[in-house]
Each structure stands twice: as C-alpha cells, then as structure tokens.
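Colleague: I would like a close look at one part of this model, the salt bridges, with their geometry and exposure set out pair by pair. Please then place them against the rest of the fold.

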Amino acid sequence: MILVERRRIIDAVKERGWELVPHNWAQNDLLTYYAHDPDRESAVIRRTLDKYQEVVGRPAKAWLSSALRGTPYTPAFLKEFGLIAYCDYLNDDQPYLIDTVHGPIVCVPYSNDINDFNMFARGGLSTRDGIDMLKLCFDELYGEGAVTGRIMNVGLHPHVIGQPHRIAALREFIEYVRGKTKVWFPTREQIATWYLAQAPEHIRGDA
C-alpha cells in the first residue's frame, strides 16, 4: 500500500538508487492467511508485483513477506513471476537455492536477532550494547568468511533506528565495517544474481 499512499517516499528511494523489496500488498494481510488457498495467495503476490512495476518502473527481483510469514507455495509463486530472491527464512548466514516446481530461487536469509526492533524496541538493549552486538556478529562472520562468504543482514526500521542516538550508533558500526577489507554492501538482487552464477559449485540439497 505504501506504493500507492506514500509515493513521495518511493520517489525519494528511487532518486537515491536504493533497493525496494516488495513486502506484501498490506502489512497486516499476511500470506499465511491464504495457506490453504494458493490461488488467493498467488493473486495477492501478483497484484503487489504489478503495482510495484507500475510505480517503480522495473520488475521486482526480491521479496520479503510481511512478518516473514510466507507459505510453502510462496517461493514457487515468486519464481513463476520472475523473481530471483526470497528473503523470509532465518536459517543460514549464506545464500542457497530453494528448488521449486518452476526452477530454483535464491534464499537470501533475513535475521530477527540482528534487527533493531528486537534489539532495542523489544529487547531493551542500550545503544552501546547494540553496537557491541553488531560488532561481535560482524567479527564472527568476517572470520568465517575467510573460508566461504557470509551474509550479515541488519534489519532496520525508521521509527526505531531513526532516533538520533541510534543513528549515531549505526554510523559508527558502518564506519567500523568499512574499515575492513573484502566486505561487500550489495542489494538482495545483487546477492542473488551473484549466487546463481556460483551455485553449481556450492552445496546443493541433493549433494
């Protein structure tokens, strides 16, 4: 709905070249409501993607379900509609392929732990504790990444991270990460595009 009701926000994102990832037609219209009605789920996704292309001017390539609540059918619908990345799952620190009836789609995992809402709004961390948590997570993944690449997905929400003291903390963390070598700041689409070229050499579920 934000594509329809808050067009100035969308225009500002487009002007900055940021990635826009569809997030359901409405925040409170969860795909799991249609878990036993795949046709209705497909229609909701199709409606969202059509409006996305109309407003953004290009097809969507990645999807993050509202509340991370997709169904077993969601990856297949997304692949059918031309997307390459599905971002609901929390089960890894690397991309991987999900096989669907329409071919594979790349899972680009999300994180509920490394997420400002659960760190600050729900978790009650201080700003300093939040920075320490982000740095500890990054350092561990950075070390593991010397052998094989890792993803650190940091979930941010403007009403949470947008507080002045938290913006300062986020800036400090980004500067810390930018001080390291061999760190990439890609979009989900870029990760999925890269991974599709690498996947034949990576671990497959049928290996």
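Modeller: This is a predicted model, and a search of the whole structure finds 7 salt bridges, of which I will take a few in turn.

Among them is the pair Arg8 and Glu15, whose closest N and O atoms are 3.5 Å apart. Arg8 counts as exposed, with a relative accessibility of 53%, and Glu15 is likewise exposed, its relative accessible area being 56%.

Another salt bridge joins Lys51 to Glu54, with 3.2 Å between the closest N and O atoms. The two residues sit 3 places apart in helix H3, and are therefore separated by about one helical turn; Glu54, at 57% relative accessibility, counts as exposed.

The pair Lys135 and Glu172 also forms a salt bridge, its closest N and O atoms lying 3.3 Å apart. Because Lys135 belongs to helix H6 (residues 127-144) and Glu172 to helix H8 (residues 164-178), this pair ties together parts that are 37 residues apart in sequence. Lys135 is partly exposed at 21% relative accessibility, and Glu172 is partly exposed at 28%. Through salt bridges that share partners, Arg128, Lys135 and Glu172 are joined into one network.

A charged residue without such a partner makes a useful counterpoint. Asp29, in the loop between helix H2 (7-16) and helix H3 (38-56), is buried yet has no salt bridge, and the nearest side chain of opposite charge, that of Arg47, is 6.4 Å away. The side chain of Asp29 does, however, make a polar contact of 2.7 Å with the side chain of Tyr34. When neighbours within four places in sequence are left aside, Asp29 is in contact with Asn24, Tyr34 and Val44.

As for the nonpolar interior, the largest core has 37 residues, of which Ile45, Leu49, Trp63, Leu78 and Val108 touch the most other members. Helix H3, strands S1 (62-63), S2 (85-86), S3 (96-98) and S4 (105-107), and helices H4 (74-80) and H9 (188-198) each supply at least two residues of this core, and the largest share, 6 residues, comes from H3. Val108, not counting residues up to four places away in sequence, touches Ala85, Tyr86, Cys87, Ile151, Arg188, Ile191 and Ala192. Apart from this core lies another, of 12 residues, including Phe120, Leu134, Leu141 and Leu170.

Technical notes:
Residues numbered from 1 in each chain as written. Predicted model: local features only at pLDDT ≥ 70, side-chain atom pairs only at ≥ 80, totals over all residues. Heavy atoms only, no water. Helix = DSSP H or I, 4+ residues; strand = E, 2+ residues; numbered from the N terminus. Buried < 20%, exposed > 50% of the residue type's maximum accessible area, 1.4 Å probe, protein only. Lys, Arg positive; Asp, Glu negative; His and termini not counted. Salt bridge = Lys/Arg side-chain N within 4 Å of Asp/Glu carboxyl O. Polar contact = N/O pair within 3.5 Å; in protein donor to acceptor, adjacent residues only side chain to side chain. Contact = heavy atoms within 4.5 Å. Core = buried A, V, L, I, M, F, W, Y, C linked by side-chain atoms within 4.5 Å.
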